Amino acid sequence: MPAIRVTAEISRLGVALMARRRNQSSVLFVIEQVRRHRCLAAARWLYTSLMETLLLTRSELVELLDPPVLSGALRMAFAA
Amino acid sequence: MALPAGQVPSGASGMLLASGVVPGIPAYSVKVHAKFPGGDPAIRGLLVLHDLATGAPLAVMESSYLTALRTGLVGALGADVLARRNASTVAIIGAGAQGQAQLSALRRARTLAAVRIFDAVPEASRRLADNPASQGLDVTLAGDLDEALAGADIIVTATWAEQPFIFCRHLRPGMHITTLGPDQPGKCEIAADALLSARIVVDDRALAVEMGAVGGAGLGADAIHAELSEILAGTRPGRCNDHEVTVFGSVGLAFQDLAAGWLAYCRAKERGMGRSLDFLS
């Protein structure tokens with residue numbers, strides 16, 4: 001795929017994702033993903049993010065949920 | 001929202017649907033929980049994370065681990081805020097998944113020296129004693145409730161009890177109790193006389209009366225000193241001296257599920273974990 005088309009595809013999907021999330025951290029997250037994966041991989045990642053539902057099992061949650069970090073998030077949620 | 005009692009399947013104590021929103025998180029969560037006290041695990045379910053703007057389902061995740069972890073951390077947060085600074089002995093009453101989660105979380109918040117464990121099922125007590133959460137502590141497997149409570153600075157109750165088992169006579173000056181069992185109408189762990197002798201802090205006033213420790217003991221909102229958020233914000237005082245008895249009653253709030261689910265979702269995206277599915281395909 002020509003670079004110009006890839007860029008346009010990333011831009012279209014990135015804007016759609018940003019519009020959905022509407023906050024700075026998500027925008028920065030998208031930019032980081034584009035930087036990290038580049039071109040087609042980034043476009044595929046953005047497309048997946050827009051269209052698909054992520055399935056997470058118990059063992060994956062054990063790995064993902066760091067108790068000290070979650071404790072801080074809960075404290076912030078109580079204060080919100 | 002819980003299913004009416006007449007519609008709950010045989011063997012289940014409740015079926016729960018809970019939705020949560022937190023300012024600043026661009027998603028909302030819906031959790032479906034089936035509670036079967038005789039099952040292993042006793043609670044099973046799913047948390048669905050939806051995009052706040054479009055409603056699109058962002059993630060579907062197993063909910064019992066997430067719930068146990070966040071409940072443990074909130075219980076520890078309440079105990080850390082309210083218990084005496086020099087509290088070092090904890091009694092765990094109810095040694096199931098939540099008893100273990102509470103002990104693990106409490107040890108992250110406080111330096112403990114000893115744990116006294118009591119469960120109506122002795123095997124459950126032994127499992128908790130052998131669990132890494134108990135490692136390094138002076139462990140006592142109590143033969144009855146009174147033995148477990150003797151000398152405890154912090155008491156954590158995480159049972160399915162429908163009748164109170166902690167009364168005024170069990171209280172000692174400076175004690176803190178975290179009561180987690182009452183999370184639906186008809187459940188109760190601490191009797192009204194004990195609650196009325198204590199400074200009561202809850203996660204949510206209305207829920208504490210409707211289905212939590214306060215309403216379960218037949219008391220109303222006027223018995224509640226504060227919500228945990230007010231203590232954390234400094235708008236209401238917590239423990240005032242080393243002699244008063246404090247109680248933290250936690251029903252569990254849907255926004256806690258959302259905070260945990262959102263954290264898991266964001267980290268999974270960052271790390272490329274989980275499997276994706278297009279439900280509309």
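The paragraphs below walk through a predicted model, beginning inside chain B and then turning to the place where chain B meets chain A.

Chain B is divided into two domains, and the first of them is made from two separate stretches of the chain, residues 5–63 and residues 255–271, while domain 2 covers residues 72–251. If you look for the C-alpha centres of these two domains of chain B, you will find them 25 Å apart. Where the domains touch, six residues of domain 1 of chain B are in contact with five residues of domain 2 of chain B, and the domain 1 side of this contact holds three nonpolar residues, three polar ones and no charged ones.

We can now turn to the contact between the chains, where 42 residues of chain B are in contact with 31 residues of chain A. On the chain B side, the elements that each give two or more residues are β4 (57–62), α1 (64–82), α2 (97–109), α8 (228–233), α9 (254–271) and β13 (275–277), and the largest share, nine residues, comes from α9(B). Sorted by class, the side of chain B that touches chain A has 29 nonpolar residues, together with six polar and seven charged ones.

How does strand β1 of chain A, residues 53–56, run relative to β4(B), and how many bridges join them? The two strands run parallel, and three bridges join them. To find a particular place in this pairing, look for Leu54(A), which stands opposite Ala59(B) in β4(B).

Technical notes:
Residues are numbered from 1 along each chain as its sequence is written. Chains are lettered from A and ligands numbered from 1 in the order in which they are written. This is a predicted model: local features need pLDDT of at least 70, side-chain atom pairs count only at pLDDT 80 or more; totals for chains, interfaces and linings use all residues. Domain bounds come from an automatic or database domain assignment. Two residues are in contact if their C-beta atoms, placed from the backbone, lie within 7 Å. Ala, Val, Leu, Ile, Met, Phe, Trp, Tyr, Cys and Pro count as nonpolar, Asp, Glu, Lys and Arg as charged, and the others, Gly among them, as polar. Helices (H or I, at least four residues) and strands (E, at least two) are DSSP runs, numbered from the N terminus. Two strands pair if DSSP finds at least two bridges between them.
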